[in-house]
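Me: Please take a close look at a single part of this model, and then set it among the other features that help to place it. I would like the cut-offs stated along the way.

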Amino acid sequence: MNLFDIFAIVDQPDLWAARAQMALSLAWHIVIACFGVGLPLLILVAEFRAQRGGGAVYDELAHRWAKVLGVLFAVGAVSGTILSFEMGILWPRLIETFGSVMGLPFAIEGVAFFIEAIFIGIYLYGWDRLPPRIHLLTGVPIVISGVASAWFVVTANAWMNQPVGFVLTDGVVTGVDPLAAIFNPATPVETTHMILAALMVTGFGIAAGHAWGLWRDAGSRVHRTGFLVAFTLGALVTPAQVVVGDAAAQFLATNQPIKLAAIEGLYQSERGAPLSIGGIPIDGQMRFALQIPDGLSLLAFRDPNALVQGLDTVPADQQPPVLPVHVAFQVMVAIGFFMLGLGVWLAWSWRRRRGLPGARAFLLGAIVSGPAAAVAMEAGWVVTELGRQPWIVYGVMRVDEAVTVARGLPIGLFTLLGVYVALTIGTVFVLRRTLRPAPAEPIA
Amino acid sequence: MTAADAVLVLLWAGLTAYALFGGADFGAGFWDLLRGGRRADRIGALVEDTIGPVWEANHVWLIFALVVVWTAFPPVFAAVASTLYVPLTAVAIGVILRGSAFIFRKSVDDPRLERLFGILFGLSSIITPFFLGAIAGAIASGRVPPGNAAGDPVGSWLNPTSVLGGTLAVGMCAYLAAVYLTSDARRTGDPALADAFRARALGMGTAVGVVAMLGIGVLSRDAPALYDGLVARALPVVILSAFAGIGSLGLLYQRRFGAARATAGLAVGSVLWGWAVAQYPHLLVGSLTIGQAAAGEATLVALLVSLVVGAILVVPSMAALFFLSQRARP
């Protein structure tokens, strides 16, 4: 295994293009989708506070955030559509063989998405047309259906990691139990991990915007309150995410040990395996890592002498690429602890003097925390997806068995790349315009 | 009726909803693009107000249809998506451009940018239904064989039936939109604008009717299996569509815009149902039937239960949204 193994697949350009296209569309959509899960909650909190005498600041925040949601939900709805196309365009053999097993959560997710789209329409359009209390209530289904769609769609990914609920004989699926497939062993940890991640991306993402506002105008009450509400959401979720992340790693140790071996760059099975922090896996060895003796065995099995399965227990052609999985995992964990630290800093300052930490470094950290949360979430998906390679359905179907035999996929990939670049520029530009404060009246 | 038939009926009901509501949203983009002259601004404002609150919800019908097909009839989804890779990618890009251009236009105030996003919105509102219609034509003319990208990557969607399907789709969307916007314009107290859309609806309705009649000749040569079904089992539905279409033109002429809405919807909806009846029980013409393509009973029953529960939640909510957005502005 060397540094360039990640590019070795390029000798199959269409397979490479299919994977890159799927990764691009998913990676782009999922950031936006996170806001669809978390932002409605923030908006409702602000509107609730505004109605309970919280003042004009909360009203202003609710309206601003709703504008952001209006743009992001529209962009998310259309960028999510292509994913459902790609399931068949790029991976027809996956759907042909397993559509009847893994399709149900997508159908239910469709219902949840319907509810979300309808109530976002009602909520945004009805703001000045419905009585305030009723209006607040119409926001509740948005929150519920946003979380529900995330849950259902992630169960489908969990199933790809822990495929159950069917019998496969000679490539034909029988005895399908769609509920068993939804409630597969990976579902509890994976769905929880993702929903918490979505709340963190939203919380820190919105907080970062307001931190930027405070950086430029330290006296702004809107930015101060918006920062506190959003950052609190992210900071409250972070410790829970650490616990769930730990549970996810323990789950892997027993259920998907090769993924854990790739995360840790553990090439040989070992008793008392060390935990590698940092480092780069080169030529079958973990180099330059800070190694905590017995750490991995302890974390994975709560036993310093536990045997941790290494990559050598499966043939080379069934091993995931170690370098990107290991690096992505390190990035995710490092960012997680960075956020935990920021949260503790704020809590400490709040306890001492009921205020934000005075240091500019805190604001700077908060500004960084927004993009960092998205990077951590993407890194987590890199771990999940690349760590499953070469399987599309773990242990059952390989990615190269699932892919379309149509040619010319790189053309589609580069076309879409152009579309996404334009979409990114457009979204950022429009969000900046939307949030720009109204020009001040000229002083005569 | 088997569980697979029941799923198919619900799927087709969903597709019909997409055609009638999502289709009209496409059509609104068509008229938005072609607006000009002294009424241009009012047309733009009406289109924005009418589809603004509802287009995302209307768009979900498409996603609903896709996921139902891949859950209930997985080999059909695999065959259609892999063979029709090119037009489906075009639809996906059209959907992305259209939705984002629409919301971007609403969110900026620089007239040049509004124009740019408006043109993008209008063009993608035409391209997207065209390719959706071309895909329908590919399936209906039996150009999608089962398997992994087994069909002709270009000829499957570039052929007389697909061109007919695409043209009809764009025309029907524009027709529906013109009919709906006629009564929307009247409701907002702008009878002159209502008359402008009435003229557009009469023109487009006539054009679609002519294309459909010419189309029958195309189908008899290019899609014989579909043609045989249309002139036999599906004939009553075809006739219903024709009468509803002519009726809606008459109602428009008499300025009975509310009733014209219903008959125009009936005319377009029965085109879809006529296609389904003509092709039944084949999902892929000449190869896969419903029985051969359907998932197992457990999946179908679970899906049916989900769809029924879903309908109980979605239909009243959707009605509430339409009711709210159709109330005259305070």
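Reply: A proline and its surroundings

Pro281(B) is found in the loop that runs between α11 (257-279) and α12 (290-293) of chain B, where helices (H or I, at least four residues) and strands (E, at least two) are DSSP runs numbered from the N terminus. The model is predicted, so local features need pLDDT of at least 70 and side-chain atom pairs count only at pLDDT 80 or more, while totals for chains, interfaces and linings use all residues. Residues are numbered from 1 along each chain as its sequence is written, and chains are lettered from A and ligands numbered from 1 in the order in which they are written.

The bond that leads into this proline, from Tyr280(B) to Pro281(B), is cis, with omega near 0°. In chain A, the peptide bond between Gln389(A) and Pro390(A) is cis as well, with omega near 5°, and Pro390(A) sits in the loop between α11 (360-386) and β9 (391-393) of that chain.

Other loops of chain A hold backbone features of another kind. Asp283(A), which is not a glycine, has a positive phi of about 45° and lies between β5 (280-282) and β6 (285-287). Asp283(A) is exposed, with 9 other C-beta atoms within 10 Å; on this scale 12 or fewer such atoms within 10 Å count as exposed, 20 or more as buried and anything in between as partly exposed, with C-beta atoms placed from the backbone. Arg354(A), also not a glycine, has a positive phi of about 50° in the loop between α10 (322-353) and α11 of chain A, and with 7 C-beta neighbours inside 10 Å it too counts as exposed.

The interior can be described in the same terms. Buried residues make up 52% of the 444 residues in chain A, and α2(A) has 27 of its 34 residues buried. The largest nonpolar core, a set of buried Ala, Val, Leu, Ile, Met, Phe, Trp, Tyr and Cys residues joined through C-beta atoms within 7 Å, has 277 residues, and Leu176(B) and Ala177(B) have the most contacts inside it. α3(A) gives the most to this core, with 20 residues. Beyond its neighbours within four places in sequence, Leu176(B) is in contact (C-beta atoms, placed from the backbone, within 7 Å) with residues including Leu20(B), Ala264(B) and Val268(B).

Between the chains, the contact takes 54 residues from chain A and 53 residues from chain B. α3(A) gives the most to the side of chain A that touches chain B, with 23 residues.

Conventions:
Contact = placed C-beta atoms within 7 Å.
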